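I opened this model to look at one helix residue, then the sheet, then the ligand surroundings. My entries follow in the order in which I looked things up.

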Amino acid sequence: MISNKTFTMIKPDAVKAGHLGAILHDIIQAGFKVTALKFTRLSPELAGKFYDIHRERPFYQDLVTFMSSGPILAAILEKDNAVEDFRKLIGATDPQKAEEGTIRRKYAASIQENAVHGSDSNENGQIEGSFFFSEFEKV
Ligand code: RTP
Ligand code: MG
């Protein structure tokens, strides 16, 4: 079954650069409904846990340091075909390879500091949403 939900974070680089409002606007304009929202900051421990799947990758430590370097906006988004459509909206991991008009192309600086996260599967979207939000925080 195609899930209609995905999970996103607006990452510390984009918040610091003042792109939070513009990115949220682009997301809503693209037809996504916000069903949970939290402005927070990850400790290195929590960032490490969130990205545990990448623990063995060479960029893991840098990623954890980056993701805990400042506040982030976490959200659960709803739309038909949410996971796939959101990955299309944000573009490739490396902003230089992301298509024109995508969020990463517009707002990201580098392959690491790439402005937004988007879940890569329905299952991970569910797990990641529940990492940040309790049941009563999901509308
Ligand atoms: P995300 O999970 O954040 O939505 O990004 P993604 O699927 O496009 O990329 P993924 O392979 O899951 O990598 C997670 C995040 O790690 C950082 N990264 N740095 N220095 C590097 O070569 C490198 N590669 C990945 C990025 O912040 C990437 O989004
Ligand atoms: Mg990923």
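Entry 1, a helix residue. I began with Ala47, which is buried because 20 other C-beta atoms lie within 10 Å, and a count of 20 or more is what the term requires. The model is a predicted one, and I read this entry and the others with that in mind. I placed Ala47 in helix α3, which spans residues 44-50. I then asked which residues Ala47 is in contact with, leaving aside its neighbours within four places in sequence. I found Leu42, Val64, Met67 and Ser68. For Val64 I also looked up the C-alpha separation from Ala47: 5.4 Å, with the two positions 17 residues apart along the chain counted as their distance apart.

Entry 2, the sheet. I traced an open sheet of four strands in the order β2-β3-β1-β4, with antiparallel pairing. Its edge strands are β2 (33-40) and β4 (116-118), each of which pairs on one side only. From one strand to the next I noted an average twist of 15°. I also noted helix α7, residues 122-132, which packs on the sheet and touches β1, β2 and β3. The direction of α7 makes about 55° with that of β1.

Entry 3, strand β1. I looked up how many bridges pair β1 (residues 5-10) with β3 (residues 72-78). There are six, in the antiparallel sense. Within this pairing I found Thr8 opposite Ala75 and Ile10 opposite Leu73. Towards β4, I counted three bridges from β1, and the two strands run antiparallel. Here Met9 stands opposite His117.

I next asked whether the residues of β1 are buried or exposed. Six of its six residues are buried, and I wrote the strand down as mostly covered. In a regular strand the side chains alternate between the two faces of the sheet. For β1 I listed Lys5, Phe7 and Met9 on one side and Thr6, Thr8 and Ile10 on the other, with both faces covered.

Entry 4, His117. I located His117 in strand β4. His117 is buried, since I find 20 other C-beta atoms within 10 Å of its own. Not counting residues up to four places away in sequence, His117 touches Thr8, Met9 and Lys11. Met9 is also the residue that faces His117 in the pairing of β1 with β4. In the unreviewed UniProt entry I found the annotation "active site" on His117.

Entry 5, the ligand. I asked which residues are around ligand 1. I listed His54, Phe59, Leu63, Thr93, Ile111, Gln112, Asn114, His117, Gly118 and Asp120. By class, I sorted this shell into three nonpolar, six polar and one charged. His117, already noted for its annotation, is thus also one of the residues around ligand 1.

Entry 6, the annotated domain. From the unreviewed UniProt entry I took the annotation "domain: Nucleoside diphosphate kinase-like", which covers residues 3-137. Over residues 3-137 I noted 41% helix and 18% strand. The end C-alpha atoms of that stretch are 19 Å apart.

Terms used. Residues numbered from 1 in each chain as written. Chains lettered and ligands numbered in written order. Predicted model: local features only at pLDDT ≥ 70, side-chain atom pairs only at ≥ 80, totals over all residues. Pairing = 2+ DSSP bridges. Axes fitted to C-alpha atoms, helices over the stretch in contact; angles between N-to-C directions. Contact = placed C-beta atoms within 7 Å. Near = placed C-beta within 6 Å. Nonpolar A, V, L, I, M, F, W, Y, C, P; charged D, E, K, R; others polar. UniProt positions renumbered as here; feature names shortened; annotations may be inferred. Buried ≥ 20, exposed ≤ 12 C-beta atoms within 10 Å, placed from the backbone.
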